[in-house]
Amino acid sequence: MLTIKNLNAWYGTSHILQNVSLDVQRGEVVSLLGRNGAGKTTTIKSVMGLLKKTSGEVSFKGVNLLGLAAHQRFGLGLAYVPEERRIVPGMTVLENLRLGIVASGKMAQEKDIIDRIAETFPRLKERLGQTAVTMSGGEQQMLAIARATAADPDMILLDEPSEGIMPVLVDEMFELFQQLKRQGKTILLVEQSVEAALGISDRAYVLDQGGIVYTERADAMLADPEIQERYCAV
Ligand SMILES: Nc1ncnc2c1ncn2[C@@H]1O[C@H](COP(=O)(O)OP(=O)(O)OP(=O)(O)O)[C@@H](O)[C@H]1O
């Protein structure tokens with residue numbers, strides 16, 4: 001579904017990604033792991049068209065993404081939940097969800113979309129009228145994920161969703177990813193919580209210094225603490 005071949009990316013003159021190649025098949029959950037600064041966020045931002053200078057091939061459902069604006073990529077069925085969440089603090093949960101619905105142009109289906117979200121995210125259902133900023137960090141992260149699913153995307157790119165979140169909510173969030181997978185969503189997950197990420201993934205890639213250094217099935221990697229220590233220890 002997503003194919004990246006020899007992707008290079010720069011910040012100014014700094015050459016950050018060097019010939020990154022990876023693929024994610026329809027229905028898969030794939031983790032992108034690696035130490036701080038390895039290039040995980042840069043990879044995701046390159047897929048979403050948020051970097052000024054990239055080269056190589058990135059295609060989604062057979063469509064070449066390079067050259068398309070971020071909103072065009074979104075329109076093809078890609079969703080992105082950035083590390084910083086971008087919840088609008090003064091708005092209620094429902095109003096934040098509506099932003100996602102408006103962005104996807106599906107205003108006519110608003111009621112159905114909200115009902116679907118309420119079913120998948122029971123924590124949000126109870127809080128639709130609450131001001132978003134008064135929720136915990138984990139609940140705000142759930143809201144960011146829910147908003148990203150408003151457009152019913154085929155694939156969701158998640159950048160460190162568990163960062164700074166209480167362990168009990170992290171478990172709930174990973175359950176939620178499994179549920180999204182059961183609903184047929186394809187997921188590319190950037191995570192520092194390696195075990196949790198591998199626990200719900202089919203496969204994983206490890207980035208180091210801007211290049212892919214390792215790829216393996218998630219269950220095999222989960223059973224190999226030495227590999228996790230070598231490539232993913234912070
Ligand atoms: N806006 C920027 N300008 C210049 N360099 C940047 C910028 N953003 C990131 N970098 C550099 O690019 C490299 C890769 O960063 P990136 O954020 O992709 O790493 P990461 O694997 O996501 O790490 P983290 O877990 O810390 O977010 C790092 O060396 C970082 O310092």
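This report describes the ligand shell, the domain arrangement and the nonpolar core of one chain.

The model is predicted: local features need pLDDT of at least 70, side-chain atom pairs count only at pLDDT 80 or more, and totals for chains, interfaces and linings use all residues. Residues are numbered from 1 along each chain as its sequence is written.

The ligand is surrounded by residues that include Tyr11, Ser14, Ile16, Lys40, Thr41 and Thr42, where near means a C-beta atom, placed from the backbone, within 6 Å. Strand E2 (14-24) and helix H1 (40-48) each give two or more residues to this shell; helices (H or I, at least four residues) and strands (E, at least two) are DSSP runs, numbered from the N terminus. H1 gives the most, with 3 residues.

The chain is assigned domain 1 (1-77 + 157-234) and domain 2 (82-152), with bounds from an automatic or database domain assignment. The contact between them takes 11 residues from domain 1 and 9 residues from domain 2, contact being C-beta atoms, placed from the backbone, within 7 Å. Helix H7 (residues 167-182) provides the largest share of the domain 1 side, 3 residues.

Residue classes are tabulated below.

| Set | Nonpolar | Polar | Charged |
|---|---|---|---|
| Shell around the ligand | 3 residues | 7 residues | 1 residue |
| Side of domain 1 that touches domain 2 | 5 residues | 3 residues | 3 residues |

Ala, Val, Leu, Ile, Met, Phe, Trp, Tyr, Cys and Pro count as nonpolar, Asp, Glu, Lys and Arg as charged, and the others, Gly among them, as polar.

Leaving aside neighbours within four places in sequence, Leu188 is in contact with Leu2, Val24, Val30, Leu32 and Leu157.

Methods:
Contact = placed C-beta atoms within 7 Å.
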